[in-house]
Amino acid sequence: MKMTLKQHFAELRRRILWTLLVFVFAFGFGWLVAPYVEAFLASPLLKVWNDATLLYTGLSDGLMIQFSLATLVAMIVTIPVLMWHIWAYVAPGLHKNEKEFLLPIFLLSPVLFVTGAAFAFYILFPFVFRFFIELNESGTLPTVLMPAIRGYLIFVISLLKVFGIAFQLPLILVLLNRAGVLSRMTAIKCRKYVIVCIFIAAAVLTPPDVISQILLAVPMWLLFEASIFFMRKDS
């Protein structure tokens, strides 16, 4: 049944309110589990640094960290709900071929984001943290390494976002291909330039050590090759 403009706005408002309600409850849940999230995010550092000591540098650090982590948990819980509501809202107006194209993107995007973040957390972080610890402890002057917990969490969450977004590359390229903007042959011809750009981006986005740069660049390169494989050959 075709909906009027007023009914469309009512439906949109209803879905927005439901999403906000989920965010509020998820924030409350995140507030309760924030200490466990903090311990989880600190675990890669603690595993490679036996004498780890993280500092609160201000009286409000504990409150601000708990608030930030609760917001992070709320976003993680709410984003899939938001994507489902977006799909449920726009799907009735799409043609069958549009649904067949867009539905895998809605499903694969969060999967690729989590895969990228997990790759950074379990594979990249041990190398990066070990590099920083050895670098700071190799100085000729007597020093004590005691990083601030807020700075550490900002660094960790930022890298998780970078890797999660970077792993969206196949979806973006395939979407451009299906939209007729990027042909498969053009992607193949530009391969060498893309590889150079990938390594430059990896050098900019990761800490200044070769291992972490390679650990971002190589998966990005493989994802680019996978994107070419899924592009239409007649484009």
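These questions and answers walk through a predicted model of one protein chain.

User: How many helices and how many strands does the protein chain have?
Analyst: Start from the N terminus and follow the elements: they run α-α-α-α-α-α-α-α. The C-alpha atoms fill a box of roughly 75 × 50 × 20 Å along the principal axes. The count is 8 helices and 0 strands.

User: What percentage of the residues of the protein chain count as buried?
Analyst: Buried means under 20% relative accessible area. The chain has 235 residues. The share that counts as buried is 33%.

User: Which helix gives the largest share of the lining of the largest pocket?
Analyst: The largest pocket has a volume of about 870 Å³, and 25 residues line it. Helices α1, α2, α3 and α4 each supply at least two of the lining residues. The largest share is 9 residues, and it comes from α2.

User: How many residues of the lining of the largest pocket are nonpolar?
Analyst: Look at the centre of the pocket: Leu72, Ile76, Phe113, Val114 and Ala117 lie nearest to it. The whole lining also includes 4 polar residues and 1 charged residue. The nonpolar residues number 20.

User: Which helix gives the most to the lining of the second largest pocket?
Analyst: About 300 Å³ of space lies in the second largest pocket. Of its 15 lining residues, Leu108, Pro170, Leu171, Val174 and Phe230 are the closest to the centre. The lining divides into 12 nonpolar, 1 polar and 2 charged residues. Helices α3, α5 and α8 each supply at least two residues, and the most, 6 residues, come from α3.

User: How many residues apart are Arg14 and Glu11 in helix α1?
Analyst: The two form a salt bridge, with their closest N and O atoms 2.9 Å apart. Both sit in helix α1, separated by about one helical turn. Along the chain, they are 3 residues apart.

User: Is Glu11 buried or exposed?
Analyst: Glu11 is linked with Arg14 and Arg15 in a network of salt bridges. Its partner Arg14 has a relative accessible area of 37%, so Arg14 is partly exposed. Glu11 has a relative accessible area of 18%. The cut-off is under 20%, so Glu11 is buried.

User: Which residue forms a salt bridge with Asp61?
Analyst: Asp61 is in helix α2, and the pair links distant parts of the chain, 89 residues apart. Asp61 counts as buried, at 3% relative accessibility. The partner is partly exposed, at 33%. The closest N and O atoms are 3.3 Å apart, and the partner is Arg150.

User: Which helices hold Arg191 and Glu225?
Analyst: Arg191 and Glu225 form a salt bridge, with their closest N and O atoms 2.9 Å apart. Arg191 is partly exposed at 27%, and Glu225 is partly exposed at 25%. The residues are 34 apart along the chain, in helices α7 and α8.

User: What is the accessible area of the nonpolar patch that includes Leu20?
Analyst: Leu20 is found in helix α1. It has a relative accessible area of 49%, so Leu20 is partly exposed. Leu5, Phe9, Leu12, Ile16 and Leu17 join Leu20 in the patch on the surface. Together they have about 610 Å².

User: What distance separates the C-alpha atoms of Pro219 and Gly62?
Analyst: Pro219 lies in helix α8. Its relative accessible area is 13%, so Pro219 is buried. Pro219 and Gly62 are 157 residues apart along the chain. Their C-alpha atoms are separated by 36 Å.

Terms used: Residues numbered from 1 in each chain as written. Predicted model: local features only at pLDDT ≥ 70, side-chain atom pairs only at ≥ 80, totals over all residues. Heavy atoms only, no water. Patch = residues over 30% accessible without salt bridge, like charges linked within 9 Å, V, L, I, M, F, W, Y side chains within 5 Å. Areas by Shrake-Rupley, 256 points an atom, 1.4 Å probe, with all protein chains shown as cover. Salt bridge = Lys/Arg side-chain N within 4 Å of Asp/Glu carboxyl O. Helix = DSSP H or I, 4+ residues; strand = E, 2+ residues; numbered from the N terminus. Buried < 20%, exposed > 50% of the residue type's maximum accessible area, 1.4 Å probe, protein only. 1 Å grid on protein atoms, 1.4 Å probe; cavity = no way out; pocket = protein on both sides within 12 Å on 5 of 7 lines; lining within 4 Å. Points joined across faces, edges and corners; volume = space filled by probe spheres on them. Nonpolar A, V, L, I, M, F, W, Y, C, P; charged D, E, K, R; others polar.
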